[in-house]
Amino acid sequence: MELGLHLGGGQGGGSAAMPTAAAAGDQTTWVDASGFFFSVCAELDVGELIHGEHFNLFEAMSALEIMDPKMDAGMATTKYKTADEAIESGAAPINLSVHQLVDVMDHLLACEATWHKGHPLAQTVFSCLYLLKLERTTPNSLLHAFCTSVRATCSLVRTTVALADIHEEEDFVTIAYGLPVEGEGDAKCLSLLSSVEETILRQLRFTKGTASGKRKGAQDAECLQDDPALEEGYCQAILCRLRFRKAFFRTLSYMEKPQGRGLEMARKHIAAALSELRDIRLSSAFLDPSSNVDLAKTRNQNLSSDTNSRDSELVKEKPSTASGRPAVGFDESVNRRLLAPTPPRSIKILCWEDALKYFEQLFEDLDHICSLPLSLGLEELLQFLVDFQQSQPDLFARAQLQLLILQDDKLLGQEPMAGALYKVLGMPANGINNNQQTQTFVTQASRLMQHLLKVMCTNTAWQRRKLGRVILDWANLLQEVRNTLKEESWWTDNVIMAWAAEQTCWIVTHFLMLGFQLDLYAPSEYCMLYWYLPSASLRSKNRFSFCSLSSKKKGKKKKGGTSMKVTGTALKDVKLTSSILLIQCYIDLCKGFIWMLAALTLDCKLVNRTPIFNTEQERFLQRFEILFKVLAPEPMSYFQFKEATCHNHFSYQKSYDHFVAVQQRIQELGPAPTKAPELSAVSRGQRAIDVRKMEQVALRNRIALQIVHQAGPGDNLRVSFEFSQHPCFPVAVVKKS
């Protein structure tokens with residue numbers, strides 16, 4: 001055993017002498033230390049350790065015991081230790097039957113979905129022995145074309161995720177571990193797929209012609225297997241899988257084009273991929289003849305007679321192929337020695353049904369991204385990001401969206417971020433070149449906005465954690481604007497101050513709302529949260545009014561060139577839009593819950609466990625301490641909260657009236673939110689869903705309040721809350737105590 005390190009003397013003593021070796025450096029001498037190790041190990045007592053000169057306690061705590069299968073991933077191998085050893089033993093034959101070939105295709109698809117879910121590439125896609133030695137598959141043109149397309153697609157996915165840089169270690173593994181992720185012939189995968197597709201299509205035509213009594217093209221056809229009755233089914237199963245790989249690769253290729261020039265073509269291939277996925281799903285009935293009623297009855301009998309442990313074993317046996325058979329040519333242990341020196345990580349490949357669902361959801365998300373209008377404004381784009389996250393898209397879809405939004409530091413690849421900000425502020429970019437303070441603000445705001453857009457593309461948990469820092473950055477910008485802008489340019493000051501303040505309020509509102517979606521709040525904290533939310537929402541409502549007014553006022557100036565100052569009276573004259581009415585619905589919901597929670601608490605009907613480890617004031621500080629450092633929304637203290645909620649005059653009628661007001665405002669809105677031309681199709685659809693959900697929340701809580709009011713005072717009823725209709729606003733559940 002040749003070791004590439006220079007060891008010092010052992011603390012355990014011993015008579016064994018370490019072989020002489022030169023000092024570490026460019027001329028290091030490598031020696032065989034096996035004999036020294038074995039002789040010293042025999043003399044070491046329990047607790048003694050051979051270590052180097054600079055080995056400390058921290059390294060001892062983080063050290064791993066090599067060659068122990070429980071600690072060293074490289075030793076946790078089952079059968080084969082290398083790919084060559086597995087291939088020599090016949091684990092990856094080239095001459096495959098047609099059903100074996102389909103199984104390889106299906107298992108590769110399941111491995112690819114598992115990789116997207118955060119598992120290492122070495123133990124998922126490249127557990128396929130054919131991909132590790134792709135040149136071996138050349139005699140089998142069908143297998144070679146399919147494996148080449150898988151490798152090419154994985155390379156594009158890996159590059160996209162790495163460039164977006166919005167993932168954490170548990171989200172996605174981009175490390176290749178020295179595997180052949182890229183190859184010279186990957187660019188030709190489409191031609192390879194087209195060639196074998198034409199061959200299979202010719203065989204399908206021949207099979208159909210034979211069934212109808214025609215023999216045209218018999219000399220060119222080559223049967224996939226011996227049974228003529230199964231030939232057509234196998235041809236169709238292989239064709240839909242080949243066409244899916246083509247559509248997948250073309251979708252990614254077109255989405256890579258700059259400035260969104262390939263989005264229209266990408267949508268066509270996305271539609272084709274979804275169509276092929278449906279055909280792949282339908283082929284399962286043909287490929288798995290055992291999935292019939294008899295098998296279902298057998299499994300049901302096993303489930304009813306066996307224990308829970310046996311029940312869990314059946315769940316783990318879900319196949320990763322449409323046929324239900326294990327695929328040949330796969331061994332995830334052959335790459336373990338390439339992994340980092342960490343304990344072995346359990347890898348569970350997604351089952352066939354979950355893999356199909358993943359890719360169906362992925363292509364639907366990609367279709368939403370491709371439908372994004374490139375003419376969207378900055379505020380509408382932020383709303384699109386919020387609405388897009390409602391479907392909980394996977395990392396790869398979010399990475400594609402992030403690369404589309406920010407291309408070469410340009411918004412949607414069309415214009416610099418500074419130009420987009422000038423449009424939002426209603427200022428001509430070429431008219432204020434002499435205003436150094438405004439230019440400085442736009443430069444800083446552009447940087448913060450780019451960072452905000454990137455954060456909005458991360459997963460919701462990481463997004464909320466990052467938004468805490470984003471809030472402080474915007475608060476610092478707002479404070480700097482307040483301290484530096486001069487009074488003589490007051491119209492500019494008003495626009496800049498208002499926009500920066502309302503942008504901060506929007507981030508604060510989104511930050512607090514994400515806590516509900518992540519289930520971070522206890523029921524005892526709902527009242528304080530719904531009390532704090534309207535302060536930020538009210539300022540957000542004023543933003544729409546102010547922006548519409550500033551666009552009207554920017555051309556009106558006093559004599560001498562001084563801009564007109566925007567007054568509060570003028571703001572009141574702005575007509576309420578559907579966006580403002582929608583925000584008012586949120587505010588009414590918050591107020592309805594404040595009165596409802598307070599009244600239920602006073603009436604001893606609320607199921608609420610009081611935490612014993614901290615007080616209500618401490619919980620208030622934990623939730624809102626970060627907001628005390630911002631200028632907008634104006635920070636509110638715990639004593640203000642207690643003063644607003646400690647009175648004994650709370651009644652169910654007040655809460656009931658607010659829920660009624662929500663329904664009335666929704667009726668006033670009508671179809672307007674779903675037809676807003678400035679929003680994207682995704683945002684319009686999501687807004688329609690939000691309106692329906694809010695209406696259901698208001699209606700169901702009204703019914704619950706009626707039941708509670710009719711029951712009279714006392715603890716004869718118990719009320720709890722569940723988020724069954726809306727992710728941020730619960731529905732009261734009333735039960736007898």
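The questions and answers below concern a predicted model.

Q: Along strand β4, which side chains point to the buried face?
A: Strand β4 covers residues 717-722, and its side chains alternate between two faces. R718, S720 and E722 point to the face that is not buried. The buried side chains, on the other face, are L717, V719 and F721.

Q: Which residue in β5 is the bridge partner of R718?
A: Strand β5 spans residues 731-736 and pairs with β4 in the antiparallel sense over 6 bridges. R718 is one of the β4 residues whose side chains point to the face that is not buried. Its bridge partner in β5 is K735.

Q: Where does helix α17 bend, and by about how many degrees?
A: Helix α17 runs over residues 460-484, which is 25 residues. From its first C-alpha to its last it reaches 35 Å, close to the 36 Å expected at 1.5 Å a residue. The helix nevertheless has a bend, located at L467, of about 30°.

Q: What is the distance from R464 to the ring centre of F511?
A: R464 falls within the residue range 460-484 of helix α17. R464 lies over the face of F511. The distance to the ring centre is 4.1 Å.

Q: Over the ring of which residue does the charged end of R245 sit?
A: The charged end of R245 is placed over an aromatic ring, 5.7 Å from the ring centre. A charge counts as sitting over a ring only within 6 Å of that centre. The ring belongs to F146.

Q: How many aromatic pairs does a search of the whole structure find, and what is the angle between the planes of W531 and Y532?
A: The search of the whole structure finds 35 aromatic pairs. One of them joins W531 and Y532, with 6.1 Å centre to centre. That pair is edge-to-face, and the angle between its planes is 75°.

Q: Why does W531 count as buried, and what is the relative accessible area of Y532?
A: Buried means under 20% relative accessible area. W531 counts as buried because its relative accessibility is 14%. Y532 is buried too, with a relative accessible area of 1%.

Q: Which residue of β4 belongs to the aromatic cluster with F516 and Y521?
A: The cluster includes F516, Y521, Y526, Y530, Y586, F593 and F659. F723 and F729 also belong to it. The member within β4, where its side chain is buried, is F721.

Q: In the open sheet of 3 strands, which residue of β3 is the bridge partner of K410?
A: The sheet has the order β1-β2-β3 with antiparallel pairing, and its edge strands are β1 (406-407) and β3 (415-416). Strand β2, residues 410-411, pairs with β3 over 2 bridges. In β3, the bridge partner of K410 is P416.

Methods: Residues numbered from 1 in each chain as written. Predicted model: local features only at pLDDT ≥ 70, side-chain atom pairs only at ≥ 80, totals over all residues. Heavy atoms only, no water. Buried < 20%, exposed > 50% of the residue type's maximum accessible area, 1.4 Å probe, protein only. Helix = DSSP H or I, 4+ residues; strand = E, 2+ residues; numbered from the N terminus. Pairing = 2+ DSSP bridges. Expected span 1.5 Å × (residues − 1). Bend = angle between axes of the 7 residues up to and from the residue. Phe/Tyr/Trp six-rings, centres within 6.5 Å; stacked < 30°, edge-to-face > 60°. Lys NZ or Arg CZ within 6 Å of the ring centre and 35° of its normal.
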